[in-house]
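This report describes a ligand site and a few points of backbone geometry. Please keep the sequence and the structure in view while reading.

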Amino acid sequence: MKNIVILISGRGSNMEAIVKACAGEQWPARIAAVISNRPDAAGLAFAAAHGVPTVVVDHKAFADREAFDAELARQIDAFAPDLVVLAGFMRILTPGFTRHYEGRMLNIHPSLLPAFTGLHTHQRALQAGCQFAGATVHFVTAELDHGPIVAQAVAAVQPGDDEAALAARVLKLEHRMYPAAVRWFVEGQLGIADGRVRQLGGQAQAFS
Ligand code: GAR
């Protein structure tokens, strides 16, 4: 049984998709905890209702990022995680933290990386006239939104799309892609070697 710890900051719909897939598809894993940096994160209620332990580490209570990340790591490590999953976790992480979880921490980012790192990805994709948008699952490294890419989901931009419409279309794909990627990891089919993704079993990696 692999232990998965999921970090959220808000709605938690990707976390929800992973919790449901883990139970429904009987992964060799358990969701050991859901941890939020915000006490008011809506996703905490879903996790608690599904019997998943929840923890809040409120970033506002810490003097700096180092102190916050140290306490966050202490709380995560109490659950002996094999994998840490960032699911809408909106904090910039310190290099020491990312190093500690190297090769065992995944993130989902709402763009086709390496395009549009950072915030407001869909709005920027629309402004740039992109014909396709999407989301990327990647291993987390010290450089924000730059780790080795595991999977990508592609959605066509449609006439009249605004940020909300495009985000909703991409989010549906995120809910399929992220559980699949986490499942690959807990089934031992995914890892990194020499800074590149190593994937056994040859799964399709594009979601559209
Ligand atoms: C998702 O679209 C995810 O890709 C994005 O936040 C949303 C969280 O939704 N993540 C980032 O922007 C990370 N930089 P959720 O809380 O419903 O899963």
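Which elements each supply at least two residues of the shell around the ligand? In this predicted model, the elements that do so are α1 (13-24), β5 (105-109) and α6 (163-186). The shell itself consists of Arg11, Gly12, Ser13, Asn14, Gly88, Met90, Ile108, His109, Pro110, Leu171 and Glu174, and these residues divide into four nonpolar, five polar and two charged. Because domain 1 (1-101) and domain 2 (107-208) both give residues to this shell, the ligand lies between the two domains. The ligand also sits in the largest pocket.

Oxygen atoms of the ligand are paired with polar atoms of the protein, and the following table lists three such pairs, with the part of the residue that is involved and the distance.

| Residue | Protein atom | Ligand atom | Distance |
|---|---|---|---|
| Arg11 | polar side-chain atom | oxygen | 2.6 Å |
| Gly12 | polar backbone atom | oxygen | 2.8 Å |
| Ser13 | N or O atom in the side chain | oxygen | 2.5 Å |

As for how much of the ligand is covered, the protein accounts for 86% of the 450 Å² of accessible area that the ligand has on its own.

The remaining points concern the backbone. In the loop between β5 and α5 (121-127), where Pro114 is found, the peptide bond that leads from Leu113 to Pro114 is cis, with an omega near 10 degrees. Phe116 is likewise found in the loop between β5 and α5, and although Phe116 is not a glycine, its phi is positive, at about 55 degrees. The strand β5 (105-109), at one end of this loop, is among the elements that each supply at least two residues of the shell around the ligand.

Where is Asp194 placed? Asp194 is in the loop between β8 (190-193) and β9 (196-199), and this residue, which is other than glycine, has a positive phi near 55 degrees.

How values were computed
Residues are numbered from 1 along each chain as its sequence is written. This is a predicted model: local features need pLDDT of at least 70, side-chain atom pairs count only at pLDDT 80 or more; totals for chains, interfaces and linings use all residues. Side-chain values use heavy atoms; hydrogens and water are left out. A residue is near a molecule or strand if one of its heavy atoms lies within 4 Å of it. A polar contact is a pair of N or O atoms within 3.5 Å; within protein, one must be able to donate a hydrogen and the other to accept it, and residues adjacent in sequence count only if both atoms are side-chain atoms. Accessible areas come from the Shrake-Rupley method with a 1.4 Å probe; for residues, only the protein chains shown count as cover. On a 1 Å grid over the protein atoms alone, a cavity is a set of points where a 1.4 Å probe fits but cannot get out, and a pocket is an open set with protein on both sides within 12 Å along at least five of seven lines; lining residues have an atom within 4 Å of a point. A molecule sits in a cavity or pocket if more than half of its atoms lie within 2 Å of its grid points. Helices (H or I, at least four residues) and strands (E, at least two) are DSSP runs, numbered from the N terminus. Ala, Val, Leu, Ile, Met, Phe, Trp, Tyr, Cys and Pro count as nonpolar, Asp, Glu, Lys and Arg as charged, and the others, Gly among them, as polar. Domain bounds come from an automatic or database domain assignment.
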